[in-house]
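Me: Can you walk me through the charged pairs in this one? Start with the vocabulary, please.

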Amino acid sequence: MEHEPLSHADMQRIAARLDRSVVLVGMMGVGKTTVGRKLAGQLSLPFVDADEEIERAAQMTIPEIFAQFGEPYFRAGERRVIARLVGDGATRKILATGGGAFVDPDTRRLILDRAIAVWIDSDIDTLVERVGRKDNRPLLRQGNPREILTRLRDDRQPMYSQAQIHVQSGHHPHTQTAQKILKAIDAWL
């Protein structure tokens, strides 16, 4: 039953019950953007990637923002962009956030108050494999990626665990993770 896909009618029923946006949180490389796009398609809702919106607003890449202004400046801009995207909740959407967004207390409170936070979790081996595919992770440029990811995951776990929904992602297709999220949202609603 757990791996049986939801029918189109089930997905429509869940979408009709959603009264706010769904915000995906979790570590870099866990698949928030890819899973978010699939989830948005299944629910017929718009998908927004917070990192893309931050880059558009700043007219700079995230690595450039980190290099030129530092992480605190980036987090403040990230908070403003997420506040705008979550807004008053009138426009429901699927929103993928950067790995550190939910760690910021003000951003976390905003998401928990105005949206359904879904923590997509994964083991370190999966994260290391996935983040190794790209070289655009400023926090991983400061040493051994496995050690950094392990430390970040351990440090951030108490914050991530405050999300209303927790779903495990692994070496299965992202469509399966999206289905797990839909089932968890359905049960939570």
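Reply: Sure: buried means under 20% relative accessible area, exposed means over 50%, and partly exposed is in between (1.4 Å probe, protein chains only). This is a predicted model, where local features need pLDDT of at least 70, side-chain atom pairs count only at pLDDT 80 or more, and totals for chains, interfaces and linings use all residues. Residues are numbered from 1 along each chain as its sequence is written, and side-chain values use heavy atoms, with hydrogens and water left out.

Me: OK, so how many salt bridges turn up in the whole structure?

Reply: The search finds 13, a salt bridge being a side-chain nitrogen of Lys or Arg within 4 Å of a carboxyl oxygen of Asp or Glu.

Me: What does Asp106 pair with?

Reply: Arg109, with the closest N and O atoms 3.3 Å apart. Both sit in helix H6, three residues apart, about one turn of the helix; helices (H or I, at least four residues) and strands (E, at least two) are DSSP runs, numbered from the N terminus.

Me: Is Asp106 buried or partly exposed?

Reply: Asp106 is partly exposed, at 42% relative accessible area, and Arg109 is partly exposed at 42%.

Me: Switching topic, which residue does Asp104 bridge to?

Reply: Arg79, at 2.8 Å, N to O. Asp104 is in the loop between strand S3 (94–96) and helix H6 (105–114) and Arg79 is in helix H5, so the pair ties together parts 25 residues apart in sequence. Asp104 is buried at 14%, while Arg79 is partly exposed at 27%.

Me: And which residues form a network?

Reply: Salt bridges link Asp10, Arg13, Arg17 and Asp186.
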